[in-house]
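Visitor: I would like to learn how to read a model of this kind, one feature at a time. Where should we begin?

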Amino acid sequence: METILLLAHTEPDGTLAKSAFEILGAATSLNSSLAGSKIIAGLVGETVQSAADSIAKCGAVKFLGVAGADFAPSRYASDAAAAEAICRAANASLILAPATARWNRVLPAVAQRLGGHADTHITGIEASNGSISVNRWYYRQRMEASLQRKGRPWFILLEPGSQPAWGGERAPAKMETINVNLPETCKRTTVVGLREPTADAQTIRPDADLLLVAGAGWTKKQADGQPHVKEAEKLILGCLKLARASLGSSKSLVDLSGEGQATLSFLTHLNQIGQTGSTPRHAKGLATCCHGEEPHTVGWRFVNERRAINLDPGCGWARGKADVLYVADAFTVVAKVNELLAEKPAA
Ligand SMILES: Cc1cc2nc3c(=O)[nH]c(=O)nc-3n(C[C@H](O)[C@H](O)[C@H](O)COP(=O)(O)OP(=O)(O)OC[C@H]3O[C@@H](n4cnc5c(N)ncnc54)[C@H](O)[C@@H]3O)c2cc1C
């Protein structure tokens, strides 16, 4: 009989992020397939009551919280102490948590303190005949493994975007507060502030519905024999802003800046999608001026609907890599798309 603990941290405004609702979706579905199991919700943050209210109807038998100013920032020592206290109070056998940067660096250590096990980057979880399996990708998303463990407690960190989110109405939740007295040694690290790019420079948005990918073609000579990099920048930034999209790139394009060539000023290697880049999980993707070679498209594995715009009808996207290929000039298409998006009333 499993005790499933949903372990989440709250955001600075006291709410839960989308990834926490996704883990709750996984926890409720697991709970319904396991005989005799129960769910306990465990929350950590400056305040936790409002977050508990937002998931009050999830079927959890208990809501445990560690709250206070000491638990507001992402800090290893205080987060580990809070998570450990909640896990012990819940006597949990399975701990499901979102694989956020904050939890990824803390929960494997908490598993060690409790003599348990931890698996990170999990993308699937299911129970069949009382036995639980989790899925994880290896070798840059080329091989998928299904794992089972007998040892408990078992910490399972699920990738954001991999699970359908739980949805339910708010209601007052009865919170049990756990007091964690942090020794001074756990407070030596202080978070003095957060530095983020300005909203316009922020091009990577994991929660966006659309991934817009820019390839090296944007910087190449066009039909008039000239490159049009400034125009390309304007079109791409316009599309990102109007479609609220996230920006991905091919390796060739991000490498150009290192080679001293004219390139798009807002791109960094963090935007790179592919074998040596990232594998994001957006619902839709649109590749522009990108050839669609395998080392790039392998990063599109989790993008559900894929479209590409390329002048070349024989490009990689035409060979089973995209659902739709527009054989067209991306400068013209994106300009038209931006025009249409600008006419749309704001959602
Ligand atoms: C070990 C290894 C790892 C790699 N890892 C990665 C990786 O992680 N990510 C990655 O992206 N690549 C990776 N690569 C490189 C990859 O193989 C390709 O070289 C790269 O993806 C090509 O980038 P591109 O398509 O932007 O550029 P190009 O191949 O130069 O293609 C540009 C495209 O733009 C089109 N085009 C030009 N003008 C227009 C226009 N006006 N309208 C429409 N289309 C236009 C052209 O037809 C062309 O198809 C890796 C390679 C190796 C060997």
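**Paired strands, crossing helices and a ligand shell**

Guide: Strand 1 (residues 3-9) and strand 2 pair in the parallel sense over 7 bridges, where pairing requires that DSSP finds at least two bridges between the strands. Strands (E, at least two residues) and helices (H or I, at least four) are DSSP runs numbered from the N terminus. This is a predicted model, in which local features need pLDDT of at least 70 and side-chain atom pairs count only at pLDDT 80 or more, while totals for chains, interfaces and linings use all residues. Residues are numbered from 1 along each chain as its sequence is written.

Visitor: Which residue of strand 2 is the bridge partner of Leu5?

Guide: The partner of Leu5 is Ile40.

Visitor: Why is strand 2 described as largely enclosed?

Guide: A residue is buried if 20 or more other C-beta atoms, placed from the backbone, lie within 10 Å of its own. In strand 2 (residues 38-45), 7 of the 8 residues are buried, so the rest of the structure largely encloses this strand.

Visitor: How do helix 6 and helix 9 cross?

Guide: Axes are lines fitted to C-alpha atoms over the stretch in contact, with angles running from 0 to 180 degrees between N-to-C directions. The axes of helix 6 (residues 229-243) and helix 9 come within 9 Å and cross at roughly 35°.

Visitor: Which helix gives the most to the shell around the ligand?

Guide: A residue is near the ligand if its C-beta atom, placed from the backbone, lies within 6 Å of it. Here 30 residues surround the ligand, the closest being Gly215, Gly217, Ser250, Gly274 and His296, and helix 7 gives the most, with 3 residues.

Notes: A residue is buried if 20 or more other C-beta atoms lie within 10 Å of its own, exposed if 12 or fewer, and partly exposed in between; C-beta atoms are placed from the backbone.
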